Amino acid sequence: MRVVLQRVSEASVMIDRNVKSSIEKGFLILVGIEAEDTQEDIEWLCRKIINMRIFGDEDDKMNLSLKDIDGEALIISQFTLHASTKKGNRPSFIKAAKPEVAIPLYEAFIKEFEKQFEKEVGTGEFGADMKINLLNDGPVTIIIDSKEKV
């Protein structure tokens with residue numbers, strides 16, 4: 001499982017010109033799922049993200065977590081995070097999980113994140129044509145892959 005974590009001042013997701021979810025200060029989390037991903041990957045990533053200290057403290061040092069600042073989260077599925085660009089100019093998405101595998105894992109990720117975070121999060125809609133609006137704060141963007149946790 002791979003995520004792109006963006007520290008944002010605000011973010012929202014629109015589907016069919018309607019805002020589905022919006023957040024203020026917190027994380028926009030783009031989630032890419034592989035068929036081999038497990039509940040263990042989900043739990044590890046959620047814990048890692050929630051405790052990631054990339055918000056400024058009183059000295060403007062990155063020492064505070066999402067929980068520390070009482071921030072918000074917006075979780076969006078994004079299969080393109082598993083694009084392979086080794087051959088030619090058209091990306092291959094062969095490593096991305098098929099919907100029958102990815103949808104339950106995406107829903108499990110949201111559920112686990114809310115459980116660990118002890119707070120509801122905003123979401124997109126799996127497979128929908130979504131428009132994401134964000135104000136990246138910093139900018140701070142971090143990529144985390146559960147296959148690289150060792």
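**Helix H2 and its surroundings**

I'll start with one residue: Glu-112 is buried, meaning under 20% relative accessible area with a 1.4 Å probe on protein chains only, where over 50% is exposed and in between is partly exposed, yet Glu-112 has no salt bridge. A salt bridge here is a side-chain nitrogen of Lys or Arg within 4 Å of a carboxyl oxygen of Asp or Glu. The nearest side chain of opposite charge, Lys-115, is 4.0 Å away; Lys and Arg count as positive, Asp and Glu as negative, and His and the chain ends are not counted.

Before going on: this is a predicted model, in which local features need pLDDT of at least 70 and side-chain atom pairs count only at pLDDT 80 or more, while totals for chains, interfaces and linings use all residues. Residues are numbered from 1 along each chain as its sequence is written, and side-chain values use heavy atoms, with hydrogens and water left out.

What does Glu-112 touch, not counting residues up to four places away in sequence? Gln-39, Ile-42, Glu-43 and Cys-46, where contact means heavy atoms within 4.5 Å.

Glu-112 sits in helix H2, residues 99–117. Helices (H or I, at least four residues) and strands (E, at least two) are DSSP runs, numbered from the N terminus. The expected span of a helix is 1.5 Å times one less than its number of residues. For the 19 residues of H2 that gives 27 Å, and the end C-alpha atoms are 26 Å apart, which agrees. After H2 comes Glu-118, with a positive phi near 60°.

Among the buried residues of H2 are Ala-102, Leu-105, Tyr-106, Phe-109 and Phe-113. Their cover includes strands S1 (2–15) and S3 (26–32) and helix H1 (39–51).

Now the rings. The structure holds 5 aromatic pairs; rings of Phe, Tyr and Trp (its six-membered ring) pair if their centres lie within 6.5 Å, with planes under 30 degrees apart stacked, over 60 edge-to-face and the rest tilted. Tyr-106 and Phe-126 have ring centres 6.1 Å apart and planes at 50°, so this pair is tilted. Because Tyr-106 lies in H2 and Phe-126 in the loop between S7 and strand S8 (130–145), the pair ties together parts 20 residues apart in sequence. Tyr-106 counts as buried at 4% relative accessibility, and Phe-126 as partly exposed at 29%. Ring pairs also link Phe-109, Phe-113 and Phe-117 into a cluster.

Last, Val-31 in strand S3. Its relative accessibility is 1%, so Val-31 counts as buried. Leaving aside neighbours within four places in sequence, its contacts include Ile-75, Leu-81 and Phe-109.
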